[in-house]
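Trainee: Could you give me a close look at one part of this model, and then walk me through what surrounds it?

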Amino acid sequence: MNLTYRTASEVIRLLEQGEVNSRQLLDYYYGRMDLVNERLNAVVQQQREMAYAQADQADQDRKEGRSYGPLHGLPLTVKESFNVNGMLTTSGAPHLQHNIATEHASTVQRLIQAGAIIMGKTNVPVMTADWQTYNDLYGTTNNPWNTNLTPGGSSGGSAAALASDCTPVEFGSDLIGCLRIPAHYTGVYAHRCSLGMLSLRGHVPGNPPGDPSEPDLSAAGPLARSAKDLRLMMDVLYDPWVEVPVPPDFRTNTLKEQATIKVLTWFEAPGHEIDEPIQRRYTDFTAALSRMEGVEVHHGMPPEIQMNKLFDLAMKLSGRLVGTSFNSRQRLTASLASLGLRASRLVTKAFPEGLEDYYRAMNQSEGEQEETDRLRQEYNRIITSLLQEYDVLLLPISPVLAIPHMQQAVTRRILEVNGRATGYNEHLIWNILATVFGLPATVLPLNRSKDQLPCGIQIISGHFKDHITIDFAEICESLTEGFQIPPGYS
């Protein structure tokens with residue numbers, strides 16, 4: 001049987017119908033890794049003996065009429081930064097090179113309880129802190145579309161493994177674009193969950209063992225090759241750690257039952273250009289969307305929502321998050337970095353204005369923290385009101401398509417947008433909205449012509465309306481070709 005590029009939903013159907021068993025699936029996926037992983041370096045750990053033992057048990061249980069759950073016997077890989085009992089969790093950091101997990105991360109535990117078999121782990125940048133994927137422990141991960149390009153980060157190994165069919169589905173994490181940029185760069189689907197929907201306990205970096213609290217801003221979610229697979233994974237993973245007023249329905253597409261779906265696009269912001277080839281694809285997509293019956297498309301954010309203010313807020317919040325674990329020496333270093341960046345802006349535009357606030361926020365006073373929270377609440381009221389009027393917002397993900405590997409100092413990394421140099425940290429800009437306000441964001445791959453690199457669009461909705469963004473992605477699959485196989489991998 002040809003198993004090449006079967007979606008997770010298709011593989012589960014084959015398992016249920018007895019057309020394939022879990023051991024045969026492992027044979028296929030490990031064979032696939034043997035074939036393509038040397039050129040990609042996406043899967044950096046494997047546990048073949050354990051996985052085969054679990055597959056044999058899953059096959060035996062299925063024969064005897066027992067099922068663990070909706071993922072019974074499905075092999076998959078997960079991002080290296082999530083704990084899997086008995087496997088290394090290094091997050092690509094040398095000081096963690098011997099860190100063997102003694103228990104599963106909360107989300108990994110849910111996958112296993114649903115019947116999944118963890119067959120390996122995928123590469124990350126050091127401490128998941130880059131939009132590229134490389135480190136001294138595991139090396140550099142390449143993009144299946146062109147090995148001279150990065151698959152993005154920090155879930156770059158996840159996206160590359162999925163796009164090359166080393167796994168039917170994946171699971172990663174996202175701070176400010178860590179799922180979304182890899183999905184955009186490699187042409188796969190991804191879903192960043194609403195803040196509070198999935199626990200990040202057992203993720204490195206994260207709160208220390210025994211700390212029951214959850215980090216601000218950071219979220220987790222699946223990567224897949226169809227919207228249906230995102231729905232499948234979210235139905236399994238849903239485990240909120242805060243009260244959810246109306247639990248989302250991941251089993252059916254409720255959005256398509258609405259008489260009218262209202263859409264708002266935001267593709268332009270002063271000082272933050274999008275490369276023209278991406279703009280063209282967004283224009284073509286929204287034009288096709290406007291022709292769909294029951295869809296109403298509007299363009300442009302209200303003037304009170306300003307990108308630069310959102311950026312400043314994001315820097316203060318993320319700096320504060322990082323600074324919570326700092327000692328006095330690290331706080332001094334952060335203060336010096338803030339002063340250095342402010343001085344650097346006199347001679348370079350490598351960073352958007354306000355990035356120095358990120359370092360200064362690591363030492364926020366109580367009064368500054370209160371002011372940051374007040375601004376966040378004020379903006380949140382505006383965004384919440386907007387999302388009561390519109391079902392979804394459509395935003396870019398990155399100003400560029402997949403970029404060449406850049407492993408020089410961050411201050412020397414330059415993106416080229418419409419023939420002009422801009423700062424590497426423009427990767428932040430369009431991913432801020434969902435992060436700062438804890439909103440769900442689904443990445444939908446758009447159509448591409450011959451020789452074009454993949455391009456995704458970001459679908460955002462209200463807090464805990466994760467099913468709506470996935471519903472909308474599924475509806476839009478009739479306008480796109482969805483995931484497309486990179487040349488040479490079919």
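Mentor: Happy to! Two strands pair if DSSP finds at least two bridges between them, and the strands themselves (E, at least two residues), like the helices (H or I, at least four), are DSSP runs numbered from the N terminus. Keep in mind that this is a predicted model, where local features need pLDDT of at least 70 and side-chain atom pairs count only at pLDDT 80 or more, while totals for chains, interfaces and linings use all residues. Residues are numbered from 1 along each chain as its sequence is written, and side-chain values use heavy atoms, with hydrogens and water left out.

Let's take strand 7, which covers residues 189–192. It has strand 8 (residues 219–224) as an antiparallel partner, joined to it by two bridges. In that pairing, Tyr189 has Ala224 of strand 8 as its bridge partner. Strand 7 also runs antiparallel to strand 14 (residues 441–445), this time through three bridges. There, Arg192 stands opposite Ala441.

Now for the faces of strand 7. Tyr189 and His191 lie on one side, Ala190 and Arg192 lie on the other, and all four are buried, so both faces are covered (buried means under 20% relative accessible area, exposed over 50%, partly exposed in between, with a 1.4 Å probe and protein chains only).

Arg192 leads us on to Asp174, a residue of strand 6 (residues 170–174). Asp174 counts as buried because its relative accessible area is 1%. Beyond its neighbours within four places in sequence, Asp174 is in contact (heavy atoms within 4.5 Å) with Arg192, and also with Leu179, Arg180, Leu217, Ser218, Ala219 and Thr435. Ala219 begins strand 8, whose residues are 219–224.

Leu217, another of those contacts, sits in the loop between strand 7 and strand 8. It is worth a click on a Ramachandran plot: phi of Leu217 is near 75°, which is positive in a residue other than glycine. Leu217 is also buried, with a relative accessible area of 1%. That loop holds a second backbone feature, since Pro205 is placed in it as well. The peptide bond leading from Val204 into Pro205 is cis, with omega near 5°.

Similar backbone details turn up elsewhere in the chain. Another cis peptide bond runs from Gly153 to Ser154, with omega near 10°. Ser154 belongs to the loop between strand 5 (139–140) and helix 5. Helix 5 itself spans residues 156–163, and eight of its eight residues are buried. Among them are Gly156, Gly157 and Ser158, together with Leu162 and several alanines, including Ala159 and Ala163. Just past helix 5, Asp165 adopts a positive phi of about 65°.

Met127 makes a useful comparison with Leu217. Its phi is near 55°, again positive in a residue other than glycine, and Met127 also lies in a loop, the one between strand 3 (117–122) and strand 4 (134–135). Met127, however, is partly exposed, with a relative accessible area of 27%.

For an antiparallel pairing that forms a hairpin, look at strand 12 (residues 414–417) and strand 13 (residues 420–423), which pair over four bridges. Leu415 stands opposite Thr422 in that pairing. Two residues separate the strands of this hairpin, and Asn418 takes a positive phi near 55° there.

For an exposed residue, go to helix 1 (residues 8–16), where you will find Glu16. Glu16 has a relative accessible area of 57% and is therefore exposed. Glu16 and Arg62 are 46 residues apart in sequence, yet their C-alpha atoms are 8.5 Å apart in space.

Finally, let's zoom out to the whole chain, which has 14 helices and 15 strands. Its radius of gyration is 22 Å, close to the 23 Å that the globule rule gives for 490 residues, so the chain is as compact as a globular protein of that length (the radius is taken over C-alpha atoms, and the rule is 2.2 Å times the number of residues to the power 0.38). Along its principal axes, the C-alpha trace spans about 65 × 55 × 45 Å. Of the 490 residues, 58% count as buried. Among contacts with a separation of 6 or more, 76% come from residues 24 or more positions apart. The contact between Asp174 and Thr435 is one to highlight in your viewer.
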